[in-house]
Amino acid sequence: MFFRKKDGREAEKGGAVRRTALAAAGIAAGTAAVVYLAGAFFFAGHYYWGTRIDGRDYSFQARERVREEILNPSVNYRLSILGREGMTDVLTPEELGMTYAFDDTLERVNAGMTGLGWPAMLWQDNSYELPKTILYDQEALERRLERSPFWDEKKVREPVDARIGEYVEGEGYSIIKEDPGTVLNHDLVLAAVEEALGNLTEELDLTEGDFYSQAVVRADDPELEKALETANHYVSARITYTWNDVTQVVDGSLIHKWIRIEGSQVELDEEAVRDFINGMAREHDTFGKNRRFITTDGEELVLKGGSYGWWSDRAAETEALAESVRKGEQEEREPAFFSRGYARGTAGEDIGSSYVEIDLGEQHLYLYIDGEILLESDLVSGNLSRGYGTPAGVFGLTYKERDATLTGETYASHVDYWMPFNGNIGMHDASWRGEFGGDIYMNSGSHGCINLPPQVAAQIYEHVERGFPVICYY
């Protein structure tokens with residue numbers, strides 16, 4: 001085996017590499033020493049990296065400044081109170097005379113963080129909790145809360161229950177949502193604030209929990225929803241009346257005025273319904289009213305009273321209308337009548353163009369059909385000398401009957417055609433009379449009835465019916 005001996009140049013090159021490595025190592029060691037010493041100097045008065053005290057990061061911060069901050073609550077702490085409708089308030093430690101009472105935990109933490117031991121921060125846990133007692137002036141707290149906007153009378157509003165709103169044409173009724181108001185329970189709020197201060201909680205939300213008074217009745221209340229359904233059922237009714245000469249529609253626009261709503265109670269005011277019926281009857285009934293009438297001779301008369309015309313049964317119709325509203329019915333009808341006119345219209349117009357006209361002074365009768373005289377005849381009316389004079393007025397035929405027997409205290413007379421129009425007074429044939437007209441009625445008249453020749457009575461009988469107008473005048 002042969003070995004090659006290094007020459008001088010190679011040996012020199014190897015020495016230079018060693019010197020360079022040693023120099024680098026020296027520099028690195030020097031640098032590390034400088035860094036360590038600088039860190040030792042810095043961390044002698046500052047907190048290690050990753051230091052958290054009571055959840056707050058104090059990495060690299062000066063210990064004296066942190067100590068002042070921790071010991072003085074006014075530096076970092078505020079209690080924000082949130083309420084309804086964007087109302088807020090902020091309590092500060094200065095207002096409450098707040099201070100902290102600590103044990104020696106902070107001193108022990110500081111003592112454990114030596115400047116020389118700073119490299120340990122790279123692997124050890126540097127999180128700490130400082131046991132402390134929160135101290136504040138209780139009276140100052142209560143006075144401060146009294147000045148809070150949450151108790152400002154201008155901003156405090158009582159809760160309002162949900163309710164059924166006013167009727168809206170075409171839409172009906174709807175529920176107005178409850179207003180929760182802004183009334184707080186002072187004792188509950190005070191207790192919650194004390195707890196928040198004790199825990200150094202930074203936000204207290206009064207909209208969560210039972211701090212506020214609440215409306216008793218809410219929009220989804222089953223009884224209120226049922227009441228809404230009832231009210232809208234009532235106003236859904238539509239009754240179209242033909243009331244004598246007018247058409248009157250009773251629908252929600254009128255019915256809602258008769259509905260009384262108190263909370264979840266819905267009632268139909270029958271007195272208001274009765275007032276409506278009475279008003280319609282007063283306006284459109286004609287029964288018993290005076291009428292202007294132009295006789296066949298062209299004389300204009302004012303006919304008083306009589307038992308003719310439109311006469312509403314107010315009590316029956318009040319009950320019927322109230323029942324229709326409660327059922328939400330939709331129908332067309334006439335009201336209930338005690339008496340009906342033969343024609344529609346105001347007093348006088350309700351006679352129409354078909355009627356019996358009896359001129360008691362002239363003892364003459366005319367039968368009009370559709371405005372034309374169908375027949376006319378002399379007659380004999382009630383005996384004036386004996387006080388049986390036939391009453392004047394406008395009447396409606398009560399009924400008609402064939403082969404009737406008319407009886408009184410001193411008589412019983414058979415007639416073929418009986419047509420009463422005013423109680424026991426009526427038109428009928430009088431076959432026992434040989435003549436009619438003239439002055440017969442003054443001394444030899446009837447007991448009040450209209451005596452007619454048999455053939456005239458028969459013709460009239462064929463053309464009249466119940467309600468047919470009979471007009472008597474002198």
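Ala, Val, Leu, Ile, Met, Phe, Trp, Tyr, Cys and Pro count as nonpolar here, Asp, Glu, Lys and Arg as charged, and the others, Gly among them, as polar. By that split, the lining of the largest pocket comes out as seven nonpolar, eleven polar and two charged residues.

The model is predicted, so to speak on trust: local features need pLDDT of at least 70 and side-chain atom pairs count only at pLDDT 80 or more, while totals for chains, interfaces and linings use all residues. Residues are numbered from 1 along each chain as its sequence is written, and side-chain values use heavy atoms, with hydrogens and water left out.

Back to the pocket. A pocket is an open set of points on a 1 Å grid over the protein atoms alone, with protein on both sides within 12 Å along at least five of seven lines, and lining residues have an atom within 4 Å of a point. The largest one has a volume of about 440 Å³, a volume being the space filled by probe spheres (1.4 Å probe) set on the points, which are joined across faces, edges and corners. Of its 20 lining residues, Leu406, Tyr411, His447, Gly448 and Cys449 are the closest to the centre. Two or more residues each come from β24 (401–407), β25 (412–422) and β26 (425–429), and β24 gives the most, with three. Strands (E, at least two residues) and helices (H or I, at least four) are DSSP runs, numbered from the N terminus.

Now for the sheets. Strands of a sheet pair through backbone hydrogen bonds, either parallel or antiparallel; for pairing to count, DSSP has to find at least two bridges between two strands. One open sheet has five strands in the order β22-β21-β20-β28-β23, with mixed pairing. Its edge strands, pairing on one side only, are β22 (372–378) and β23 (393–396). Four bridges join β23 to the antiparallel β28 (residues 469–473), and phenylalanine 395 has valine 470 as its bridge partner there. Helix α12 (residues 454–463) packs on this sheet, touching β21 (364–369) and β22. Contact means heavy atoms within 4.5 Å. The direction of α12 makes about 145 degrees with that of β22; axes are lines fitted to C-alpha atoms, for helices over the stretch in contact, and angles run from 0 to 180 degrees between N-to-C directions.

Another open sheet has three strands, ordered β4-β3-β10, again with mixed pairing. Three bridges join β3 (residues 79–82) to β10 in parallel, and isoleucine 81 stands opposite leucine 204 in β10.
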